[in-house]
Amino acid sequence: MSYTYVSAPVPVLTSVSPNSGPAAGGTTVTLTGTGLAATTAVRFGATPATFTVVSDTHLTAVAPPGTGTVQITVTTPGGTSNGLSYTYSGAPTLSTISPNQGSTSGGNTVTLTGTDLTGATSVTFGGTPATSVTVLSATQITAVVPAATAGPVDVTVTTPGGVSTLPKSYFYVSPPVLAGVTPPAGPLSGGNTVTLTGTNLIEATAVRFGVTPATSFTVVSDTRITAVVPAGAAGLSSVTVTTVGGTSNPVSYTYLAAPSITTLVPNQGSTSGGGTATLTGSNFAQTTSVLVGGVPTGFTVVSDTHLVADIPAGAAGPVDVTVTSPGGTSAPAVYTRVASPNI
């Protein structure tokens with residue numbers, strides 16, 4: 001009787017997926033190659049692994065515990081294959097996130113710092129995946145924050161080595177909302193103080209009149225800010241508040257030029273008063289007071305260029321007439337009281 005020797009091929013490995021996993025093992029990897037049908041052993045370094053032959057070109061194996069980078073080999077009656085690298089990753093740890101707050105609309109980039117972050121496959125904020133993740137090193141990752149509702153959330157990073165979570169470490173902040181500004185107008189030179197009311201103002205980082213920052217501002221509460229108005233050009237300006245939650249809706253503030261008196265008709269009258277004088281000029285529309293000889297008097301605004309003022313009684317002689325608005329006080333016009341002749 002004859003006996004035939006059969007030469008079995010030496011197995012060849014071409015790829016392993018995934019090529020990394022936690023030090024605790026347990027990761028199922030797929031090995032591809034040739035000559036795998038008669039596999040009798042799979043080893044990660046010198047450590048045997050459990051395995052399942054799928055076909056002559058595929059098998060799966062469960063990584064045993066290990067450390068560092070090891071070579072995966074397959075043994076068959078034909079011999080032992082070439083090795084493919086498999087890396088055991090330490091479990092990640094997160095220590096900080098910076099910045100640790102931002103708008104509910106997301107879109108900002110944060111930096112996560114920790115250890116064993118290489119190969120991070122995901123970062124989540126309250127369970128929602130980051131828009132994108134970039135691994136900078138084993139100790140740093142950047143992530144683009146997704147949108148979410150206001151409040152604190154857990155931040156979790158997943159790597160081949162495991163999962164790490166920083167509880168309640170990122171705070172979503174609602175954007176500020178402005179309701180109004182008081183007073184709503186002021187002089188071109190600025191310097192006056194206004195009060196802004198609204199919601200979500202507590203973390204204000206900037207107050208702007210158009211594109212110009214307020215000279216200074218004070219956060220009084222979550223619903224109120226006082227701000228010193230910067231100089232500006234005549235006309236409407238949009239006032240906004242910026243916080244880490246974003247920039248508010250604009251509210252209107254008007255820069256006003258000071259009133260200017262061109263003529264005063266009549267410019268003289270009896271010491272007994274009781275008459276009126278018509279003032280012509282400019283910027284009268286928002287007049288708040290008219291003074292005759294330093295004494296407030298009644299007035300009627302006819303238009304931005306005309307107003308009628310009551311003339312009170314007073315001693316004979318010239319007195320100043322001034323007009324005041326949120327834009328300032330006019331240069332004086334002169335009104336002369338004349339004593340009645342004695343008979």
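**Overall shape and strand pairing**

The protein exposes about 16300 Å², and carbon and sulfur atoms supply 58% of that area. Everything described here comes from a predicted model. Of the 343 residues, 39% count as buried.

On secondary structure, the picture is quickly told: the protein has 38 strands and zero helices. Its radius of gyration comes out at 41 Å, well over the 20 Å that the globule rule gives for 343 residues, so the protein is more spread out than a compact globule. The dimensions of the C-alpha trace tell a similar story, with spans of about 165 × 30 × 25 Å along the principal axes. As for contacts, taking those with a separation of 6 or more, 56% are between residues 24 or more positions apart.

Turning to individual strands, one stretch worth following starts at strand E13, residues 122–125. E13 runs antiparallel to strand E17 (residues 151–159), and four bridges join the two. One residue pair can be picked out here: Val123 has Val157 of E17 as its bridge partner. E17 also pairs with strand E18, which covers residues 162–173. This pairing is antiparallel as well and takes in eight bridges. Gly151 is bridged to Tyr172 in E18. The link between E17 and E18 is a hairpin, with two residues making the connection. E17 therefore has pairing partners in both E13 and E18, since two strands count as paired if DSSP finds at least two bridges between them.

Further along the chain comes an open sheet of four strands, with antiparallel pairing and the order E19-E21-E25-E24. Its edges are formed by strand E19 (177–182) and strand E24 (216–221), each of which pairs on one side only. From one strand to the next, the twist averages 25°. Within this sheet, E19 is joined to strand E21 (residues 193–199) by five bridges, and the two run antiparallel. At the residue level, Thr182 finds its bridge partner in Thr195 of E21. As a general point for reading such sheets, side chains in a regular strand alternate between the two faces of the sheet.

Put together, the model shows a protein of 38 strands and no helices, with a C-alpha trace spanning about 165 Å along one principal axis and 30 and 25 Å along the others.

Definitions and conventions
Residues numbered from 1 in each chain as written. Predicted model: local features only at pLDDT ≥ 70, side-chain atom pairs only at ≥ 80, totals over all residues. Heavy atoms only, no water. Axes fitted to C-alpha atoms, helices over the stretch in contact; angles between N-to-C directions. Rg over C-alpha atoms; globule rule 2.2 N^0.38 Å. Buried < 20%, exposed > 50% of the residue type's maximum accessible area, 1.4 Å probe, protein only. Contact = heavy atoms within 4.5 Å. Areas by Shrake-Rupley, 256 points an atom, 1.4 Å probe, with all protein chains shown as cover.
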